[in-house]
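User: Please take a close look at one helix and describe how it sits in its chain. Some context on the chains around it would also help.

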Amino acid sequence: MNAPALLQVSAVSKRFGGLAALEDVSLSVGRGEIYGLIGPNGAGKTTLFNCMTGLYDLSAGHIHLEGVPLHGRKPHHIVEAGFARTFQNIRLFANMTALENVMVGRHPRTRAGVLGAVLRTPGARAEEAAIHNRARELMEYVGLKNKGRTLAGHLSYGDQRRLEIARALATEPRLLALDEPVAGMNPTERRQMSDLFLRLRAGGLTLLLIEHDVKLVMDLCDRVAVLDYGRKIAEGEPALVQRDPAVIAAYLGGDEA
Amino acid sequence: MLAVLLAALPFLIGAGLGNSWVRVLDFVLLYVLLALGLNIVVGYAGLLDLGYIAFYALGAYLYAWLASPHFGLHLPFWMVLPLGAALAGVFGVLLGAPTLRLRGDYLAIVTLGFGEIIRIFMNNLNAPFNLTNGPQGMNLIDPVSIGGVSLGKSLEVAGITLPSTYLYYYLFLAATLLVIVVAMRLQHSRVGRAWAALREDEIAAAAMGINTRNVKLLAFAMGATFGGLAGGLFAAFQGFISPESFTLWESILVLCMIVLGGMGNIPGVILGAVLLTVIPEALRYIGDLQRATLGQVVVDPADLRMLLFGVALVAMMLFRPAGLLPSRQRKREFSAQDGVAEQEQASLYDTKA
């Protein structure tokens, strides 16, 4: 990891009243990495995601994507900077069709406004066609080829997870943050998903992954960081982190030996 | 076919039901305009607005200020109508800006307050400076005049006399068709999808790179613009406006049109506006009917109107919760056989670790 980091998180803290959800967390994700973020429930993993994507204001610290500061920016600025995410408890636009969900994801990369839409200018029409085509390509890419006309809320659970990824990909991210993307999936679906992640990485995308599935993390991630009670207690290659006494203590309880 | 029918409609209604019904037809079109405008805010963007009639009032009052003896101004309608729509649009943003963080019930209360504030201002701004002539309202507003032909007087064309209400019908029809096209194109565009995303899940919309603040303000502004346009047409048509025309009841009525017809669906919204304008007029005949058969009016048609209104809304909630003509998507959303599958899934993804 000698190349400059794609994502640099520096001494980030987040407090809710008296509760410190994140305490001085720093980490850096390199280009093309699959970086895992693990830890027991309530460790602050999703809080860190929400801080990075602008849903929460930081209490302290800085976040940079390729040197561009993300802290203090609105969620839509962060997406424009190239940082997309999915949600732990799936947040699709349930009453829009699957294809429309992905089309919404093209929003930050397109321009047409009210005038273009109302007058149907050639530019706006060409853009609309491009949005449509790109959305179909992405649906096919994640394996939802013939589900475009189904309402997102009516898709099966696994397909909803896939659709969320397609929608995030539509924003043309450089970094994609996935919050428990294989939770509740069976082994076959998990394998398909990890294949998808490897394909995405091969296409030049950097992945940040919150995951509980130890096997998936071990197989897939280049590096992992472990959070516990809002602090980073370990970072490094999965095999090494797995043997770290502090990590074992955090997961199994007991005193740190 | 439809074009011929729409063109012949005032003659058919005038011949069949009398010319007073052509006037009702004009009001139907005004309410269609209002309902389509409110549909952008409520149906597309999911922002519950109970003060929508304020924008109608602003459009109407601006028309009266710029084209009546009140200030001695008599600007032509093609200048005044866009100005009224623009003024309403600006006020839409002014209403939207402080309410950006509010949703649902809270937004409804604030917008309700806004609607009342505008009406009360119109009611009281006759002193110290007489801006609105207070509760007496403003009179002698210029009719729309196109190429020197005033729509306020009947017109003789090729031996056929077209009364003023017929002429306004064609003007309102043109405005309605324009607004329908605008609303449809907006719905199926990048902007319309952003509104739908906002309605479905504001946080996910923001995480998809949508500037939720701008998109909300745009929805308020677009809806208000249509309301302002309808208001200007109303002022020109009536020749007289007063704060009484812009009460909370009117806001609720327009909202009911949308809910009854099918929120978010243009044909549904139009149907709702037609029904809720025509039915109360038709009920007036019940009074005549009672006088003819019973010799006196036992049940006041106005009371009956409210009663039927309530019954209609309750029946709708029970039998057609998505509206009479729901959009393709809302129909699926409310459809029963999918409910089970959806519940099963809800238990999966609603759990929060």
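User: Which residues of helix H5 (residues 122-141) of chain A are buried, and what do they pack against?

Analyst: The model is predicted. Helix H5 of chain A runs over residues 122-141, which makes 20 residues. From its first C-alpha to its last it reaches 28 Å, close to the 28 Å expected at 1.5 Å a residue.

The buried residues of H5(A) are Ala124(A), Glu128(A), Ile131(A), Ala135(A), Leu138(A) and Met139(A). They lie on the same side of H5(A), because they cover an arc of only 100° around the axis. An α-helix has 3.6 residues a turn, so residues three or four places apart point the same way. The partners of the buried residues of H5(A) are three helices of chain A: H3 (98-105), H4 (114-119) and H6 (157-169).

On the face of H5(A) turned away from the buried side, Pro122(A), Gly123(A), Ala126(A), Ala129(A) and Asn133(A) are exposed. Just after the helix, Gly143(A) has a positive phi of about 90°.

The contact between the chains involves 38 residues from chain A and 34 residues from chain B. On the side of chain A that touches chain B, the elements giving two or more residues are helix H2 (75-80), H3, H4 and H6. That side divides into 17 nonpolar, 14 polar and seven charged residues.

Chain B itself has 14 helices and six strands. Its radius of gyration is 22 Å, which agrees with the value near 20 Å for a compact globule of 353 residues. The C-alpha trace of chain B spans about 75 × 55 × 40 Å along its principal axes, and 44% of its 353 residues count as buried.

Methods:
Residues are numbered from 1 along each chain as its sequence is written. Chains are lettered from A and ligands numbered from 1 in the order in which they are written. This is a predicted model: local features need pLDDT of at least 70, side-chain atom pairs count only at pLDDT 80 or more; totals for chains, interfaces and linings use all residues. Helices (H or I, at least four residues) and strands (E, at least two) are DSSP runs, numbered from the N terminus. The expected span of a helix is 1.5 Å times one less than its number of residues. A residue is buried if 20 or more other C-beta atoms lie within 10 Å of its own, exposed if 12 or fewer, and partly exposed in between; C-beta atoms are placed from the backbone. The arc is that of the directions from the helix axis to the C-beta atoms. Two residues are in contact if their C-beta atoms, placed from the backbone, lie within 7 Å. Ala, Val, Leu, Ile, Met, Phe, Trp, Tyr, Cys and Pro count as nonpolar, Asp, Glu, Lys and Arg as charged, and the others, Gly among them, as polar. The radius of gyration is taken over C-alpha atoms; the globule rule is 2.2 Å times the number of residues to the power 0.38.
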